Each structure stands twice: as C-alpha cells, then as structure tokens.
Amino acid sequence: MGRRRWNKKHPDKARAQQQHQRRPEDAADPPVRLLALQPNSTVVGVAMGNRVTFVDYKTGEEVRLAVPAPAEAAGAAAAAAETVATTSAAAAPGPHAGILRVLQFSPDGQFLLTGADDKAARLWATGEGAAAAGSGGAWRCAAAWRTPKKTSVGGFSLDGIHALFADKFGDVLVGRAPAPAAAAAEGAVSEPPLQAPSTLLGHFCTIVTALAPSPCGRFLATGDREYKVRVSWLPEDLQAGSYEIQGYCFGHQDFVSCVAFAIQRDEQNQGDQAPAKVPGRSVLLSGSGDGTVRVWDYEACTQLSSYVASAPAAAGAAPAAAAAGAGGEGSSAPEEAGGEEASGGGDEGDDEGDGAEADGGEEGPSAGAGAGQGEADGEGGEGAAAGGGGFVEPQRRSKAPACPPVLSLAVSPDGSTVAVVVEGDDEVQLLDLNWATSSLELRQRLRWPDVRYPCQVAFGPTGQLWVVGGVPMTTAQSAHIGVAQRGPDGSFVTCTAEVVSPAARSLLEARVEEEEAKMAEGGELFVYSKRLRRPAYDEEEVQTFKRKRNDYKETQRLAALRLRQDELAKQKQGQGQPNGGAVEIAPEAAAA
C-alpha cells in the first residue's frame, strides 16, 4: 500500500526520478562481437551491435534473415528503446531491436539461435529447403520466446532438439525446436508469436556467462560471474527442468567467461582401411577473469590442471589501458597448487543467498547486500546514482588480481589444440592439450597483421581457426576477421586471403575508415568484460546505498507512521475505557 502511494501520489516523485537519472555508461552493457560457423557448410556469421551478417565464405554470397517489416516488430523495438542505438538508419533491419548477445548454430546446422537485449530469443531455420518462400532464399524465423530479462548466453542441447538460453535473472531457459520438415513447410515471411519458455535450471540471480552440453549428453556445464562452474544432470525431457546437480567446480578467483569440452580422439583399427578417429575421454575447460584456463574432470568436479594465460596488470592500470593492449605475459607452466586459493569457492561461490537482482542496466544494488555477496550488477542502476548532494559512487573493485581476463576459448575437432583469447591482446594463444597429464602447454602465439583486439575464436569443422575482433568502441559496426590453418609442422599459419573470398570478407567486416582512425588516435575504448564483472562494496558503502534508496525511505516513513498510530492508540486507551474501547470476550464464549 505504501509503495503504491509513493508511485502514484507522493509529491516528491518527480524530484526522486530526477535524482535517479542513469549515467551514460550505465545505460546499457557494451556491445560484443560474435562469431558463428555453420556445421557441414561454408557459411560464417558475424554480429556486432544489432548488425549480423552471414556469408558463404567460398562464393561470397550473402545469406539473409527473413526479418519482418519494422511495423510488425514495433513491439520489440519499444521494449529495447533504452538500449544504445548502434545501427544507422540506412542499415537493413536486424533480427532484434537490441544488441545481440547470442549467435549460435545447432550441432547439425539446421537451426540458428539469436538472443539480444530486447528480451527475446529467436530460432531461425537454416537447413536446406528451410528458406522462406518469396524471400530470396532468406532464413525464416521458426520460433521465438520472450525472456523475463535480457539474454546473456545461449546454445543447444547435444541432439539439437532444444534451444538453451540464459537471461540476466540467472535462469537457463529452454524451448523446443520444431522439426526441420515442419520448419521448412512454413513458407510465409511472418514473425511467430513470442512464447513463454520453460525453465531448465537457475543460478539464483547471478548472471550465467557460459554454457555447454557434455559430449555424452548427460550433463550441462554452466558458468557464472560468481567464480564457479556448475555441472547439472540433464533429464530426458529438458522442458521438465533439471533438479539434480552433479557438482561445482571451484577454483576461479573471478567471473567465468567461457566453458568448452575437449574430446580425445582415439584411433581404432579397421583392418585394411585407414584407422578411424573415435570419441574417447573428455574433459571440461573454463576461462575466467582471473586470467587462467582450467581443466576439470567434470564428473568428479575436480581440477586437473591450470594454465596462466595473462599475468596481473600493473597497479593502477585503467581498464581502457587493458583494452588498448596491456595484456600480460602468458605462462606455459601449470599453476602451483598453493598459489591459487579458491576464494571464489565455498561461501563465495554458493548459489544460495547470492545477489538480489542480476539485470545490471535496470536495477540498483540490493538493499540487503553485504560486502562480497549479494551485490547487484556492476552496471549501476538506481541506487548508484541516487541522492545527489555531492555523493560520489565508490570505485568498484574485484577480489581477483587485476589482470586481463580470458574472453574466449575453443577446442579443435581432434581435441589436441586449445585456442585462447585474452582481452586487449592482439595475439591468440594456441595450447597443446596433453591428454596423458591433462595439462595445457603453450605451443604458439598467433597474430594476424590486420586483426586488432580479438574477442572470440572458433574452430571450423575442418580444423581451421577463425577469429573475430575489431575496434573496441560502442559506436563501432565493423569487425576484423582472421583465419588460420595447421601447417605440416603442426603450427598454425594465417590464411585469411586464401580461405575467404574478397567479396565475403568485405561483407563480413564492413570496415569504416573513421572507426579505424579513431582507434589509431586512442579514442574512448571499452572492455568486453565490463558486463561480466561483479562489483564489491564494503559495509559502509552498502549502508550509504540503502540510505539513498527511495524504497528504504518509504519503509522508514511507514514504520514511523505505525509507531505514531500505536502512540495514539495508547493515549486513547488511557483516556477512555480499558482496552481502548475493545469489547472483552470471556474465555468460555470464545471457546464456544
């Protein structure tokens, strides 16, 4: 009742709204560059902001998405009005009204999953014959789901039947993909209605940053920004929910940014024929904001080894400096067991009681949060900007040593090579996975002469290494593409010009001279990991936030009002008849 009076009739509502204006840097998370390779095909997709481009890199032919007319997508556009506009008016409409966060093909290449800040996830039919009629061969949207909060990461089940996507509430949601035949039968270019997805599992209001199904299909590994990797059992019917947890992988000292499974390929003798590669043992790998890549036995949830990809940066280095190339030196030696205290484990990594609201661009810090646990998103919000009166938001701190985080990792199809991208580093680290010792050893540092600031890496079906990077500016729409392949000696050599046709590269990169010039001048650069970092507040800062919150003030006002009512009742009770005029009921009558 009190909150309703505040929202509708309180005379200071306009003044309070003016005090809660968001800072420009907190209006939205920075954009990300996404890379996706379609299995069993030569189609590659690149996304930046809400622009996404798919091209057959052999022929240079562009593959479009059958996006409905802007009038049909007006509702979605209104839902994302608060996000940063990153597409020019002359550009073609994108699949979403907000910044893209998910771009993932199904394992069989029949579907494409996209998710964005417009709180929607869409499934596109990409198989042969699935193009919409009258759309010039464009891929048609086969299903769409509405998410409670902005999407953060997505993927598919191992069989490709279910689409998995997480929102910033910390829930992993699931939607069933239609049969490929049914998806191809629908020929009209129309926007399917937004459905309500089922909930598979939850991370209790901490943002899920990565997910991947195990090679056996029995488990799902999910990482979050509370320093942990969770391994959950997958039921036969994913829409019924996952209620069994295999275990937690503790050890990271900062957010988990990426997870991937590596499969050892064993040679099997087939008589007169050449030996065939068959799946064997598998392990789980995870990258983190603490600059390490760790190898796990995901069934026992124990750490097998760890590789230091980046050393702590110099004291006082700004995040922009890290983005501008302050990547630390990598180490090929495994970490000492005593040097990594699992500060992210135990009470820090426990799901229960962590965080209240995980959507950083929308809510402020939790009123009841304590230092190191329960904080809201680091992207600010109402509590951070409230109050005025010279109040300055405290500087956000990380519990881990300040070092460039691992942004992305990928495992080669034969399970022998792991590619690692460190934020702010122009090189990609290529590691050998030693299956005998389950350890990672540095083999090579690979640099493309025309690719700056790589942010995501992926291996193609034939073992080619792809990387996407570009100008780290919020207004950028371009990208840098690089390709490499393994040479006779086992080392990777760049081969972008030999693999990608000039027409395909021009469409994928869409380079802009002004953006390149601004980067050369050292303009304002952002860091991709900003949306993954978790702020830390001490008790004094938390109490300051509480005093600045309007709901806290309203609670105090209502408490004072109840106290006043009690005092008036006592005065009335003393002046009038006993019990304040209440009629006393005999115990016998009450029992009857």
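**Aromatic pairs, sheets and single residues**

Tyr248 has a relative accessibility of 23% and therefore counts as partly exposed, because buried means under 20% and exposed over 50%. The model in which this value is computed is a predicted one. Phe250 falls into the partly exposed class too, because its relative accessibility is 31%. Both residues return below as members of an aromatic pair.

How many aromatic pairs does the structure hold? The number is ten. In one of them, the ring centres of Phe54 and Phe105 are 6.0 Å apart and the ring planes stand at 75 degrees, which makes the pair edge-to-face, because planes over 60 degrees apart are counted that way. Phe54 belongs to strand β3 (residues 51-56) and Phe105 to strand β5, so this pair ties together parts that are 51 residues apart in sequence. Phe54 and Phe105 are both buried. The pair formed by Tyr248 and Phe250 has its ring centres 5.7 Å apart and its planes at 10 degrees, so this pair is stacked; the cut-off for stacking is under 30 degrees. Here the two rings belong to partly exposed residues, because the accessibilities are 23% for Tyr248 and 31% for Phe250.

Ring pairs also build a cluster, whose members are Phe219, Trp233, Phe261 and Tyr298. A contact of another kind involves Arg452, which sits over the face of Tyr453 at 4.7 Å from the ring centre.

The strand that carries Phe105 leads to the first sheet to be described. This is an open sheet of five strands, with mixed pairing and the order β5-β6-β7-β8-β12. Its edges are β5 (100-105) and β12 (194-195); each has a single partner strand, so one side of each is left without a neighbour in the sheet. Inside the order, β6 (residues 111-116) pairs with β7 (residues 120-125) in the antiparallel sense, over six bridges. In this pairing, Phe111 stands opposite Ala125 of β7.

A further open sheet has four strands, ordered β9-β10-β11-β13, and its pairing is antiparallel. The edge positions are taken by β9 (151-156) and β13 (198-202), each with a single partner strand, so each has one side without a neighbour in the sheet. On average, neighbouring strands of this sheet are turned by 25 degrees against each other, direction ignored. Strand β9 is joined to β10 (residues 162-167) by five bridges in the antiparallel sense, and one bridge has Gly155 with Leu164 of β10 as its partner.

Strand β11 (residues 171-176) of this sheet contains Arg176. Is Arg176 buried, partly exposed or exposed? Its relative accessible area is 47%, so Arg176 is partly exposed. Not counting residues up to four places away in sequence, Arg176 touches Trp145, Ile161, His162 and Gln239. With His162 there is a polar contact between the two side chains, at 3.5 Å. Arg176 also lies 9.7 Å from Leu123, C-alpha to C-alpha, although 53 residues separate the two in sequence.

Further along the chain, strand β18 (residues 256-270) includes Ser257. With a relative accessibility of 8%, Ser257 counts as buried, because the limit is under 20%. A polar atom of its side chain lies 2.4 Å from the backbone oxygen of Val406. Which residues surround Ser257, leaving aside neighbours within four places in sequence? The contacts are Thr209, Ala210, Gly287, Ser288, Val406, Leu407 and Leu532. Val406 thus appears both in this list and in the polar approach to the side chain.

The last group of strands centres on β28 (residues 480-486), which is mostly covered, with five of its seven residues buried. Strand β27 (residues 465-469) pairs with β28 in the antiparallel sense over five bridges. Strand β29 (residues 492-494) also pairs with β28 in the antiparallel sense, here over three bridges. Ala484 of β28 takes part in both pairings: Ala484 is the bridge partner of Leu465, and Thr494 in β29 is the bridge partner of Ala484. β28 and β29 form a hairpin with five residues between the strands. Within the turn, Gly490 has a positive phi of about 95 degrees.

Notes. Residues are numbered from 1 along each chain as its sequence is written. This is a predicted model: local features need pLDDT of at least 70, side-chain atom pairs count only at pLDDT 80 or more; totals for chains, interfaces and linings use all residues. Side-chain values use heavy atoms; hydrogens and water are left out. Buried means under 20% relative accessible area, exposed over 50%, partly exposed in between (1.4 Å probe, protein chains only). Helices (H or I, at least four residues) and strands (E, at least two) are DSSP runs, numbered from the N terminus. Two strands pair if DSSP finds at least two bridges between them. A polar contact is a pair of N or O atoms within 3.5 Å; within protein, one must be able to donate a hydrogen and the other to accept it, and residues adjacent in sequence count only if both atoms are side-chain atoms. Contact means heavy atoms within 4.5 Å. Rings of Phe, Tyr and Trp (its six-membered ring) pair if their centres lie within 6.5 Å; planes under 30 degrees apart count as stacked, over 60 as edge-to-face and the rest as tilted. A charge sits over a ring if NZ of Lys or CZ of Arg is within 6 Å of the ring centre and within 35 degrees of the ring normal. Axes are lines fitted to C-alpha atoms, for helices over the stretch in contact, and angles run from 0 to 180 degrees between N-to-C directions.
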